[in-house]
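Here is a short set of exercises to work through with the model open on your screen. Try each task yourself before reading its solution.

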Amino acid sequence: MNLSNHSIVTRMLAIDRRFIFMLIALATLIPLLNPINLPIMISPEVRAVYDHMESLPEGSVFLLSMDFDPASKPEVYPQAIALLRHAFKKNLKVIGLTLLVTGTGMAEEAMATVAEELEKINGTDYAFLGWRPGASAVILSMGQDLVGTFPQDHYGIPIDELSVMHNVKTLRDVDYAVSLAAGFPGVDEWYIYGKDKYRFELGGGSTAVMAPGLYPRLRAGQINGLIGGLRGAAEYEKLLDQSGKATAGMDSQSATHFVIIVLVIICNVFYVISRRQKRT
Amino acid sequence: MIFLKRQLPLVVTFCMGVVFAMQYYVPHPTSEALLKNASNWIIIIGGFALILGLVSLIQLHMHRIQRNVGGWGYSAVLFAAMFAMVIAGILAGGKNLDSERALTGYGWAYSYAMVPLQGTMFSLLAFFVASAAYRAFRARTKEAALLLIAALLVMWGRVPLGEYLWAFSGDIAQWILNVINSSVRRAILIGVSLGVIALSIKIIFGIERMYLGGKKE
């Protein structure tokens, strides 16, 4: 009997990883195909970004730096879509850019898609500046001379000819900036080289794995709010009352989290049993 | 030659280090213009770094193909993909969308090849994380048990199902992130920052010279 128990414990601790892969795949797929739409609670850090956007008067300058690459698209792109929807609905002057060259296409797509959805015109309601090399140096340079850093927008139109940019000469003219980051350069760089020196309000968005690292900045008031991962994007979608891909993905995320929780608990139960068996 | 290799870089580092450390605290227009010029230099150097990276990548993979190193076929695929993207990019003027908001060839390759491929690579992590968590996340010590409990609570409280099953779990996860996580990370950040300041001072004053080539005089 003991030998049999020992065998089960050993086998459970060394379970075939393909079994775990299959559980994760099912936990992802089934809720996507049969959504339950569980209620999403709003966290204070996401609400802070939303409330600040709400407090901006019409015509305020909102800068969205989409500093993420395709690998982070599932998590951060829905954040960009939600923020752009909010900004365009509020009739803010929207400036979009990216500090990651591989993010240019997604940033352009996000701006164009939401602008078309809300019938906004490039140059009049928004500008997409594209990408410049230099990472944090681009932020510093924009703080000194935004037009000099981006003499033309992504489409080759001189910045001076874009009416949306008329009163925006440096980062000091920006009312609210949000960096959606997936690594370097990201929220940290926007704070250190941007907000700290040029004094504009800054919010952050990031992948879920990066979000805990940004809490010290949040608590210190260095960023006024934080949208963390797909969950943060889903919360923002709920605040906007417009469900999108983030809300659709929350059931899957719930299921996969719980599969991992159950697996870790099972693994530890068998681990404790195996230790007791070794002692006896 | 020793002057060019050793003394000159040390002098330049000292001057630039002192000037830009002072610059932060001097809001005079001349000081701001200096920062603007330096930022522009960095942006231009960043552009050249891209070319350097490209040349280095080509050299590395050419070498692999020439010597028939195992997996050289992947290097050939890299060249094919890279040059296809460069040609598509030049033809599209670097734009993903044309004037009628339709995808260009470059945009098509980006949206339907690069984005799904990178997304897939990153998504695979979920499977490996789950497998690794099962194998490695064990309460071997008291510290590991604490970490395990904290991780489970945050995982539970950060998803709608967790909050639905136990409404208080969201607040617990929030407290762990806001209080415990923030304080520990802040301590690490302060430590790292002090280390960076100390290292910067050593570099500015020429005490730390490893960046000159790694050899000590």
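The exercises below go from the sheet to the loops, the domains and the contact between the chains.

Before you start, note that this is a predicted model, in which local features need pLDDT of at least 70, side-chain atom pairs count only at pLDDT 80 or more, and totals for chains, interfaces and linings use all residues. Residues are numbered from 1 along each chain as its sequence is written, while chains are lettered from A and ligands numbered from 1 in the order in which they are written.

**Exercise 1. Find the order of the strands in the open sheet of chain A, and say which strands stand at the edges.**

Step 1: Helices (H or I, at least four residues) and strands (E, at least two) are DSSP runs, numbered from the N terminus. Two strands pair if DSSP finds at least two bridges between them.

Step 2: Reading across chain A gives E3-E2-E1-E4-E5-E6, six strands in an open sheet with parallel pairing.

Step 3: Strand E3 (126-131) and strand E6 (226-228) of chain A are at the edges; each has a single partner strand, so one side of each is left without a neighbour in the sheet. From one strand to the next, the twist averages 15°.

Step 4: Look at one pair. E4 (residues 176-181) and E5 (residues 201-206) of chain A are joined in the parallel sense by six bridges, and A:Ser179 has A:Gly204 in E5(A) as its bridge partner.

**Exercise 2. Work out which strands of chain A helix H8 lies across, and which ones H9 touches.**

Step 1: Axes are lines fitted to C-alpha atoms, for helices over the stretch in contact, and angles run from 0 to 180 degrees between N-to-C directions. Contact between two residues requires C-beta atoms, placed from the backbone, within 7 Å.

Step 2: H8 (residues 187-198) of chain A lies across E1 (61-67), E4 and E5 of chain A, at about 165° to E5(A).

Step 3: H9 (residues 211-219) of chain A touches E5 and E6 of chain A, and its direction makes about 170° with that of E6(A).

**Exercise 3. Locate the cis peptide bond of chain A and the positive phi of A:Asn91.**

Step 1: The cis bond joins A:Phe184 and A:Pro185, with omega about -10°. A:Pro185 sits in the loop between E4 and H8 of chain A.

Step 2: A:Asn91 is not a glycine, yet its phi is about 55°. This residue belongs to the loop between helix H4 (73-89) and strand E2 (93-98) of chain A.

**Exercise 4. Give the domains of chain A and the distance between their centres.**

Step 1: Bounds come from an automatic or database domain assignment. For chain A, that assignment gives domain 1 (2-34 + 251-279) and domain 2 (44-243).

Step 2: The C-alpha centres of these two domains of chain A are 40 Å apart.

**Exercise 5. Describe how chain B meets chain A.**

Step 1: Count the contact: 50 residues of chain B meet 51 residues of chain A.

Step 2: Among the elements of chain B, H4(B) gives the most to this side, with 15 residues.

Step 3: Zoom in on one helix pair. H6 (residues 136-144) of chain A and H2 (residues 29-66) of chain B pack at about 145°, their axes 9 Å apart. The residues in contact include A:Leu140 of H6(A) and B:Ile43 of H2(B).

Step 4: Check the confidence. The predictor gives the complex an ipTM of 0.88 and a pTM of 0.91.
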